[in-house]
Structure formats: C-alpha cells, structure tokens
Amino acid sequence: MSFTVREGETLGIVGESGCGKTTTAKLLLRLEEPTGGQIFLEGKDIQAFDGQEMKEFRSKVQAVFQDPWSSLSPRMKVKDIVSEALVVNQDVTAKEAYDKVREVMEQVGLAPDQAELYPHEFSGGQRQRVAVASALASSPKLIILDEPVSALDVSIRAQVMNLLVDLQAETGVAFLLVAHNLATVRYMAQQTAVMYLGKIVEYSPTEELYNNPLHPYTKALFSAALPAHPDDIGDEIVLTGEVPSPINPPSGCNFHPRCPFAMDRCSVDEPVLKEVGSGHLLSCHLYD
C-alpha cells in the first residue's frame with residue numbers, strides 16, 4: 001500500500017476489522033517494524049532514525065488512542081501526562097514545560113488548573129481532550145487518530161471532532177484518521193482510503209468517494225452503514241463468504257472470492273491501483 005498524508009490535511013482509512021488499519025498506524029508510529037517498503041517523514045526514511053533523530057521523530061509523530069479510560073496512566077497527574085512527550089524528547093526547562101501544559105490545556109477547552117488533577121477526576125470526553133493535549137504538547141507534524149471518538153457518548157463525539165478540526169486549522173497538523181464510523185471520516189477527512197485484507201482498494205477525495213464509490217467492496221461497506229435518516233432507503237449489498245486469512249490471501253484480487261462481479265481473470269491477475277478520475281484511484285479489473 002502507498003499513500004501520502006499532507007500538512008494540514010486528514011487522511012481517513014476505513015475498512016472492516018482485521019483489514020490492517022491499526023497495523024498501518026503502528027507502522028507509522030514505529031511500534032511495529034515493516035518487513036518491506038519504506039516510510040518517509042518530511043522526505044527522510046524513518047527506519048534509519050536513531051538517537052537524537054529518533055527523539056525528534058517521537059516529537060513530530062504523536063497518537064490519540066481509542067479508549068481514554070485505558071490510554072492515560074491513573075497514577076500520573078494530567079500535567080505530567082501532557083508534558084511527558086515534551087520532557088522526554090526535547091530539551092526544555094521545567095517552566096517551559098509548565099507553560100506549554102497550560103497552553104495546550106486551554107487549546108483543548110480545559111482549564112489550566114485542571115492539570116493538577118488525576119485522569120479519574122475527568123469525564124470520558126474530558127479525558128480524550130487530555131489525550132489530545134498530550135499529543136499536541138510536542139508540536140507534532142502528524143497525529144495518528146485511532147478511533148478517537150468511538151468510545152465516547154454520541155453527544156460528546158461531535159464536540160471532540162469539532163475540537164480536532166479546529167486544532168488542525170489552527171496548527172496545520174496532519175491527521176491520519178483510522179475509524180469504523182464512516183460519518184466520522186466523512187466529516188473530518190479530505191482524503192479517504194478504503195482497505196481490504198491489507199491493501200488499499202480505493203483512494204479518493206472524501207466527497208467524491210462517498211458520492212461515487214466504484215469498487216464493489218466500497219459499495220458493500222457503505223451499504224452496511226446505518227442511514228442518516230430511518231426513511232432513507234439505499235442499495236443493500238450482502239457479501240457472501242468469510243474474510244480470507246491475511247497470512248494466506250487468495251491469488252489475484254484478494255476480494256474475488258466474495259465479489260458479486262468477479263470474472264475469471266480476477267482469480268489470476270492482481271489489479272493495480274490506478275487513476276480512474278481526478279485523484280480517484282481504484283484497484284479493480286471492472287474498470288480496465
């Protein structure tokens with residue numbers, strides 16, 4: 001798979017469980033090492049980073065995880081959680097760290113004095129704001145958002161999404177958004193990639209993709225989403241069979257065993273990702 005996340009933009013990655021979204025995020029964070037290929041940050045191969053370069057990388061690439069109840073240490077005050085990436089990876093004084101904590105707490109809509117509290121003293125939405133503040137403290141270039149609102153109440157999700165959109169406009173940070181909720185991706189992302197069994201099958205500007213999905217898997221994925229209104233009626237596409245093993249994927253197109261439009265060549269020739277419209281990339285023999 002190949003993609004680019006640009007400064008000040010959000011790339012959303014969607015797909016069913018097990019398709020490789022979180023593994024992709026771990027690779028970008030260097031929590032996993034790739035067995036092949038390269039990952040570049042500002043033109044530099046991150047696999048070659050060591051020592052001071054690695055510290056700079058940890059400052060420039062941060063993450064906000066899914067569950068704010070488990071991603072924050074219950075034994076640390078919020079001021080220590082928020083300043084940790086800054087203190088560990090950059091040479092800052094105690095006053096500089098303190099000032100930065102107060103600054104980012106205000107940025108995410110929390111009172112600076114709340115930095116003296118422990119995570120259990122916050123609600124779920126506030127805890128996720130603390131996680132965002134922690135990611136922002138080291139002035140990153142890229143933040144990996146792994147299901148950042150899925151563990152929150154519906155009433156709180158919009159607040160956190162709006163917060164992230166406003167922070168991006170203010171700071172120019174890039175987001176890689178991993179999510180199951182298609183509405184979340186549509187609201188936040190300028191570009192969207194659809195993954196199936198470890199590969200990108202469709203990649204497009206978000207509105208173009210949602211208004212005109214082309215790949216059979218993308219169409220099935222969108223048809224499985226709940227409609228915005230109960231009276232809305234869309235095409236129901238039910239895929240047969242099970243998702244193949246990623247350890248031993250099918251020959252040819254990975255999706256051909258479940259595709260209702262599969263042709264003979266689909267089981268033999270692997271389709272390549274190619275442009276079928278302005279910025280719209282597709283991996284499917286139907287559109288050759």
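**Around Phe 255, and on to the helices**

Phe 255 is found in the loop between α9 and β9, and that's a handy place to start in what is a predicted model. Despite its loop address, Phe 255 is buried, because its relative accessible area is 2% and the cut-off for buried is under 20%. Who are its neighbours? Leaving aside residues up to four places away in sequence, Phe 255 touches Tyr 196, His 215, Pro 216, Tyr 217 and Leu 239. For a sense of distance along the chain, take Leu 281, which comes 26 residues away from Phe 255: the two C-alpha atoms are separated by 17 Å.

Two of those neighbours are aromatic partners, so let's go through the rings. A pair of aromatic rings is described by the distance of the centres and the angle of the planes. There are five aromatic pairs in the structure. In one of them, Tyr 196 and Phe 255 have ring centres 5.1 Å apart and planes at 80°, so the pair is edge-to-face. This pair links distant parts of the chain: Tyr 196 sits in strand β7 (residues 191-196), while Phe 255 is in the loop between α9 (216-223) and β9 (274-277), 59 residues apart. Tyr 196 counts as buried too, since its relative accessibility is 1%.

The other partner is Tyr 217. Its pair with Phe 255 is again edge-to-face, with 5.5 Å centre to centre and 70° between the planes. Here as well, distant parts of the chain are linked: Tyr 217 belongs to helix α9, Phe 255 to the loop between α9 and β9, and their positions lie 38 residues apart in the numbering. At 1% relative accessibility, Tyr 217 is another residue that counts as buried. Put the pieces together and Tyr 196, Tyr 217 and Phe 255 form one aromatic cluster.

Now for the helices. Two packed helices are described by the angle between their axes and the distance between the axes. Take helix α3 (residues 78-89) and helix α4 (residues 94-107): they pack at about 115°, with axes 9 Å apart. That angle makes α3 roughly perpendicular to α4, as the roughly perpendicular class runs from 65 to 115 degrees. The crossing of α3 and α4 is right-handed. On the α3 side, the contact uses Val 78, Lys 79, Val 82, Ser 83, Leu 86 and Val 87, and these meet Ala 97, Lys 100, Val 101, Val 104 and Met 105 in α4. Sorted by class, the residues of this contact come out as eight nonpolar, one polar and two charged.

Helix α3 also packs against α5, this time at an angle of about 35° and with the axes 6 Å apart. Val 78, Ile 81 and Val 82 of α3 make the contact with Val 130, Ala 133 and Ser 134 of α5. That contact divides into five nonpolar, one polar and no charged residues. Val 78 and Val 82 are worth a click in the viewer, as they appear in the contact of α3 with α4 and in the contact of α3 with α5.

From α5 you can step on to α6. The axes of helix α5 (residues 124-136) and helix α6 (residues 154-171) come within 10 Å and cross at roughly 15°, and α5 and α6 are therefore roughly parallel to each other. Their crossing is right-handed. The α5 side offers Gly 125, Gln 128, Arg 129, Val 132 and Leu 136, and the α6 side brings Ile 156, Gln 159, Val 160, Leu 163, Leu 164 and Leu 167. The class count for the contact of α5 with α6 is seven nonpolar, three polar and one charged.

One last stop is the backbone between α5 and α6. Most residues other than glycine have a negative phi, and most peptide bonds are trans. Ser 139, in the loop between α5 and β5 (142-146), has a phi near 55°, a positive value in a residue that isn't glycine. Glu 147, in the loop between β5 and α6, likewise has a positive phi, of about 50°, although it is not a glycine. Which of these backbone spots is buried, and which is partly exposed? Ser 139 is partly exposed, with a relative accessible area of 48%, whereas Glu 147 is buried, at 8%.

Note on methods: Residues numbered from 1 in each chain as written. Predicted model: local features only at pLDDT ≥ 70, side-chain atom pairs only at ≥ 80, totals over all residues. Heavy atoms only, no water. Axes fitted to C-alpha atoms, helices over the stretch in contact; angles between N-to-C directions. Helix = DSSP H or I, 4+ residues; strand = E, 2+ residues; numbered from the N terminus. Parallel < 35°, antiparallel > 145°, perpendicular 65-115°, else oblique. Left-handed = near helix turned anticlockwise from the far one by under 90°. Contact = heavy atoms within 4.5 Å. Nonpolar A, V, L, I, M, F, W, Y, C, P; charged D, E, K, R; others polar. Phe/Tyr/Trp six-rings, centres within 6.5 Å; stacked < 30°, edge-to-face > 60°. Buried < 20%, exposed > 50% of the residue type's maximum accessible area, 1.4 Å probe, protein only.
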